[in-house]
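Welcome! Have a look at the sequence and the model below, and then work through a few exercises at your own pace.

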Amino acid sequence: EFGVESDVVSYDVYVNYPLGHRLALLEKRGKGTRDLETADQKEHGLGDGWKVKYEASLEEDVLEEDPTTGLPSRIPTFHGYSASGNVTAQYVYVNYGTYQDYEDLVKAKVDLAGKIALIKYGGIFRGLKIKRASELGMIGAVIYSDPGDDGAVTSENGTETYPKGPAREPSSVQRGSAQYLSVAPGDPTTPGYPSLPGVPRQSVNGSIPDIPSIPISYLDALPLLRALNGHGPKASSFGKEWHAGGLGYKGVEYNIGPSPPNLALNLVNEQEYVTTPMWNVIGIINGTIPDEVVILGNHRDAWIVGGAGDPNSGSAALNEVIRSFGVALQKGWKPMRTIVFASWDGEEYGLIGSTEWVEEYIPWLSHATVAYLNVDVGTTGSHFTAAAAPLLNKALIEITQLVPSPNQTVAGQTVGDVWNGHIRTMGSGSDFTAFQDFAGIPCVDMGFNAGPEDAVYHYHSNYDSFAWMDRFGDPGFHYHVTITKLWALLAAKIVETPVIQFNATDYAVALAGYLDSVKAKGTALSVDPEIFAFGDLTAAIANLHTAAVAFDAHASSVSHRVSHASTSIPWYSFYSRARLYAAVRSVNTKYKTLERQFLHAPGLDGRAWFKHVVFAPGLWTGYAGATFPGLVEGLDAGDRQAVRRWEGIITGLVKDATALLGKGKYGVEMEWGREGRGMVGPGRVRKLVLFKTLISLRGPYYSYQDPNVLCE
């Protein structure tokens with residue numbers, strides 16, 4: 001409707017849908033007490049002497065003030081890719097369920113095998129909490145949202161809960177995927193290739209959980225936590241990472257457990273797994289340069305009927321960006337570079353729509369794509385956050401200085417003025433993952449999130465609704481407008497400037513910083529310094545920095561010449577104009593393919609889907625990015641050979657990147673007559689030969705990547 005040509009691209013994907021669930025705290029009666037009724041025993045599979053002490057509702061309260069919460073089509077609470085099962089066992093409180101948390105429990109000799117894990121959300125991706133529990137012999141997982149992670153905006157501090165106030169609604173539940181995201185995203189039955197009809201399907205073992213799990217509210221977690229009071233060590237006896245519980249004022253002492261033998265949890269999770277279509281919507285505006293493409297993407301699927309923040313604040317922004325570009329098209333504008341818009345499906349299960357699309361179109365993407373610009377959650381608060389590949393840092397920072405901030409504490413403030421300037425490294429958790437980590441395409445992911453004084457965001461909950469957004473998330477929808485402007489302007493900057501607005505020096509500087517972090521980690525782990533001296537890699541990065549500085553200077557010079565070409569180059573000087581155009585194309589080709597130099601085809605150890613040697617999600621974090629993951633994981637494992645092998649691999653790729661930037665005089669490499677470029681007709685050949693001859697007589701040998709365009 002906005003004038004952008006579009007199509008639907010579908011995939012047949014393997015996913016689950018909820019059939020039923022149950023969570024009950026069971027207590028065994030002592031001698032002389034009446035047994036449970038026979039019907040109750042049969043229904044819940046209980047032995048003699050057990051009673052239901054607490055039955056979790058596993059529901060979010062319907063609020064009169066929020067119509068979305070009462071819709072009959074609202075989605076039950078469940079985990080994507082969770083395992084079906086019916087387990088009854090004692091349980092243990094495991095804090096955030098990080099790898100270190102489990103290590104702390106093992107060190108404290110807390111018995112975990114055969115138990116159910118009671119876990120707080122936060123810190124790492126939920127699927128990895130379940131993965132480590134399973135590896136340690138636990139048989140189920142229950143995950144809840146603790147208000148201790150809500151900062152100062154809590155009921156304990158006197159703030160009213162939603163809908164009356166901005167604090168967390170006590171019955172809110174975070175749904176979400178339990179896929180092992182740091183192993184591979186996308187359809188778990190088709191790793192590395194698109195899930196098209198009829199393709200072979202692989203086993204899901206090792207990519208999704210094998211023990212049942214369910215999400216619950218802190219209201220349902222309270223009786224479980226209180227029942228642990230006095231049993232096992234207290235969380236306060238562990239490190240500071242264990243001290244963030246926020247339910248002490250509700251009578252919770254945060255004992256670890258295990259629960260005593262007369263207290264157990266019955267966890268029931270029933271899921272139906274099916275292979276079903278999912279649909280991406282792809283729009284395209286063809287530019288003057290067809291092999292330089294900028295992609296803008298947002299997912300539109302949500303765990304709940306509302307999804308006002310995730311993803312619909314981003315989806316609204318995407319629609320407005322498209323509408324704006326559509327208006328420009330109607331007025332006769334044509335972009336310099338080709339623009340692709342993507343509305344992804346299946347992101348919530350495991351970045352499925354974007355991953356399958358990248359896997360299908362990887363040859364074209366590798367050849368043509370300049371950048372991928374992602375907005376997932378457009379706004380849930382006032383705090384601007386961004387992650388980016390270093391090539392894009394400079395462009396992102398410049399754009400934030402052009403857009404007014406809705407928070408005008410000082411007149412004329414821009415987003416950049418009130419932003420702390422921190423740009424995260426690329427991890428995972430949204431649709432940039434396949435572009436950055438699999439295809440080697442530089443990405444930006446940005447949005448406005450809740451700051452310390454903003455209303456608590458009910459992530460993946462029924463309360464992520466229009467009513468919440470209108471009253472607390474973004475009253476007046478000013479931040480929706482702001483993220484739209486940032487997105488559109490960043491896209492325009494990359495699409496419309498003749499020389500791509502990348503900065504290779506920032507990449508080299510970042511690599512040096514990443515390596516310093518790895519060295520610091522080696523020191524912290526008391527590893528033999530000889531292992532992490534990284535002399536060859538340090539030297540290679542220094543050489544890359546030298547080449548990058550020279551190349552960026554050359555690119556700036558070319559950009560300056562282009563901006564003054566109309567006055568400095570006579571209209572009849574075909575040779576001068578063609579040579580300048582060739583220089584632009586060469587610079588842009590190098591910028592476009594620089595990120596691809598850091599791809600290692602065999603992938604990371606144990607997770608071959610991830611090809612990038614600089615960026616990957618942390619093996620045991622999922623969301624947060626790890627830099628030089630091969631080196632880091634080798635150090636963590638104490639594997640001297642792996643560390644040295646990865647240093648060699650990375651050093652070779654850094655040298656490749658340096659060679660790319662340094663090829664040709666002043667970083668300008670040209671080549672003639674590449675096969676398959678569509679040379680048509682003797683007239684074109686004659687013009688090409690004539691032009692080639694002129695160049696050979698008049699100066700250094702240059703040629704343009706596409707002779708057809710040059711002839712034109």
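The exercises below each give a task and then a worked solution.

This is a predicted model, in which local features need pLDDT of at least 70, side-chain atom pairs count only at pLDDT 80 or more, and totals for chains, interfaces and linings use all residues. Residues are numbered from 1 along each chain as its sequence is written, and side-chain values use heavy atoms, with hydrogens and water left out.

**Exercise 1. Getting an overview**

Find how many helices and strands the protein has, and what share of its residues count as buried.

Solution. Start with the secondary structure: the protein has 21 helices and 18 strands. Helices (H or I, at least four residues) and strands (E, at least two) are DSSP runs, numbered from the N terminus. Next comes burial, where 56% of the 712 residues count as buried. Buried means under 20% relative accessible area, exposed over 50%, and partly exposed in between (1.4 Å probe, protein chains only). Then turn to the surface: about 28200 Å² is exposed, and carbon and sulfur atoms supply 54% of it. Such areas come from the Shrake-Rupley method with a 1.4 Å probe; for residues, only the protein chains shown count as cover.

**Exercise 2. Following helix α18**

Work out how helix α18 is oriented towards α14 and towards α19.

Solution. Step one is the pair α14 (residues 504–524) and α18 (residues 629–637), whose axes come within 10 Å and cross at roughly 0°. That makes α14 roughly parallel to α18. Axes are lines fitted to C-alpha atoms, for helices over the stretch in contact, and angles run from 0 to 180 degrees between N-to-C directions. Angles under 35 degrees count as roughly parallel, over 145 as roughly antiparallel, 65 to 115 as roughly perpendicular and the rest as oblique.

Step two is to see which residues touch, with contact meaning heavy atoms within 4.5 Å. On the α14 side these are Leu515, Val518, Lys521 and Gly522, which meet Leu631, Val632, Leu635 and Asp636 in α18.

Step three is helix α19 (residues 640–662): its axis and that of α18 come within 8 Å and cross at roughly 170°. The two helices α18 and α19 are therefore roughly antiparallel to each other. Here Gly630, Leu631, Gly634 and Leu635 in α18 meet Ala642, Val643, Trp646, Glu647 and Ile650 in α19.

**Exercise 3. Salt bridges across the chain**

Locate the partners of Glu60, Glu292 and Glu398.

Solution. A search of the whole structure finds 21 salt bridges. The term means a side-chain nitrogen of Lys or Arg within 4 Å of a carboxyl oxygen of Asp or Glu.

- Glu60 pairs with Arg175 at 2.9 Å, N to O. The two are 115 residues apart, with Glu60 in the loop between β2 (50–55) and β3 (79–80) and Arg175 in the loop between β7 (140–144) and β8 (176–177). Glu60 is buried at 4% relative accessible area, and Arg175 is buried at 1%.
- Glu292 pairs with Arg585 at 3.3 Å, N to O. This link joins helix α17 (residues 574–594), home of Arg585, to strand β11 (residues 289–299), home of Glu292, across 293 residues. Both Arg585 and Glu292 are buried.
- Glu398 pairs with Lys493, the closest N and O atoms being 2.8 Å apart. Lys493 sits in helix α13 (residues 478–496) and Glu398 in helix α9 (residues 393–400), 95 residues apart. Glu398 is partly exposed, with a relative accessible area of 29%.

**Exercise 4. Unusual backbone**

Pick out where Pro258 and Pro311 lie, and find the phi values of Phe534 and Phe628.

Solution. Begin with a general point: most residues other than glycine have a negative phi, and most peptide bonds are trans. Gly257 and Pro258 are joined by a cis peptide bond, with omega about 5°, and Pro258 is in the loop between α4 and β10. From Asp310 to Pro311 the bond is also cis, with omega near 10°; Pro311 lies in the loop between β11 and α5 (312–330).

Now for phi. Phe534 has a positive value of about 55°, and its place is the loop between α14 and α15 (535–563). Phe628 has a positive phi near 45° and is found in the loop between β18 (625–627) and α18. Finally, check burial: Phe534 is buried at 1% relative accessible area, and Phe628 counts as buried at 0%.
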